[in-house]
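Trainee: I am new to this structure. Could you take me through it step by step?
Mentor: Certainly; let us look at it together.

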Amino acid sequence: PATNNERSVALLCCRFCRQLLSSRGMKAVLLADTDVDLYSTDIPPSGTVDFTGSCYFTEICKCKLKNIACLKCGNVVGYHVISPCKPCLLSCNNGHFWMFHSQAVFGINRLDSSGVNVLLWGNLPDLEEGTDEDMSCISEEEYIR
């Protein structure tokens, strides 16, 4: 399998209102349930999502989770792993504890500074300044042309 460094970085946008939620998304598969398609990120999205509801656990493992919702439209877009359980911590996780459901967000490949090549995780700065908060995503259709 490709190492994380060779994976492309995605801009994650809310499917409901097209708000940009994170500029550091990675396509992910849930460790506990590999049928589930997700995006994940390693840095808390700033100013774009907030916690909603109370903490919960899944049937599959003991990770403590809390849902996150898009601040612009209020829809639940994913969850944060508040405290990972030991098996999940010990297994091959990528240090990403902010998860986005693929039914709630779409990803657009992020380009590097040349504007031509897809940016890979290995070339991503560790900590980035906040992205332009007001950016909303162009539609997938426009982008695919």
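Mentor: We shall discuss the strands, then the cysteines, then the nonpolar cores.

Trainee: What should I know before starting?
Mentor: This is a predicted model, in which local features need pLDDT of at least 70, side-chain atom pairs count only at pLDDT 80 or more, and totals for chains, interfaces and linings use all residues. Residues are numbered from 1 along each chain as its sequence is written, and side-chain values use heavy atoms, with hydrogens and water left out.

Trainee: In which sense do β4 and β5 pair?
Mentor: Strand β4 (residues 49-57) and strand β5 (residues 64-70) pair in the antiparallel sense, over six bridges. Strands are DSSP runs (E, at least two residues), numbered from the N terminus, and two of them pair if DSSP finds at least two bridges between them.

Trainee: What joins β4 to β5?
Mentor: A hairpin through six residues does so. Within the pair, Phe51 stands opposite Ile68 of β5.

Trainee: And how many bridges link β5 and β6?
Mentor: There are six bridges, and β5 pairs with β6 (residues 76-83) in the antiparallel sense. Val76 in β6 is the bridge partner of Ala69. The hairpin of β5 and β6 has five residues between the strands, and Gly74 there takes a positive phi near 85 degrees.

Trainee: Changing topic, how many disulfides are there?
Mentor: The count comes to zero disulfides, a disulfide being a pair of cysteine sulfur atoms within 2.5 Å.

Trainee: Why does Cys14 not form a bond?
Mentor: Because its closest cysteine sulfur, in Cys73, is 3.7 Å from the sulfur of Cys14, which is too far for a bond. Cys14 is also buried, at 0% relative accessibility; buried means under 20% relative accessible area (1.4 Å probe, protein chains only), exposed over 50%, and partly exposed in between.

Trainee: What about Cys88, buried or exposed?
Mentor: Cys88 is buried, with a relative accessible area of 15%. The closest cysteine sulfur to that of Cys88 is in Cys63, at 3.7 Å, too far for a bond.

Trainee: Which residues touch the most other members of the largest nonpolar core?
Mentor: Leu21, Val77 and Phe100 do, in a core of 14 residues. A nonpolar core is a set of buried Ala, Val, Leu, Ile, Met, Phe, Trp, Tyr and Cys residues joined through side-chain atoms within 4.5 Å.

Trainee: Which strand supplies the largest share of this core?
Mentor: β1 does, with three residues. Apart from this core lies another, of 10 residues, among them Leu38, Cys61, Cys88 and Met99.

Conventions. Helices (H or I, at least four residues) and strands (E, at least two) are DSSP runs, numbered from the N terminus.
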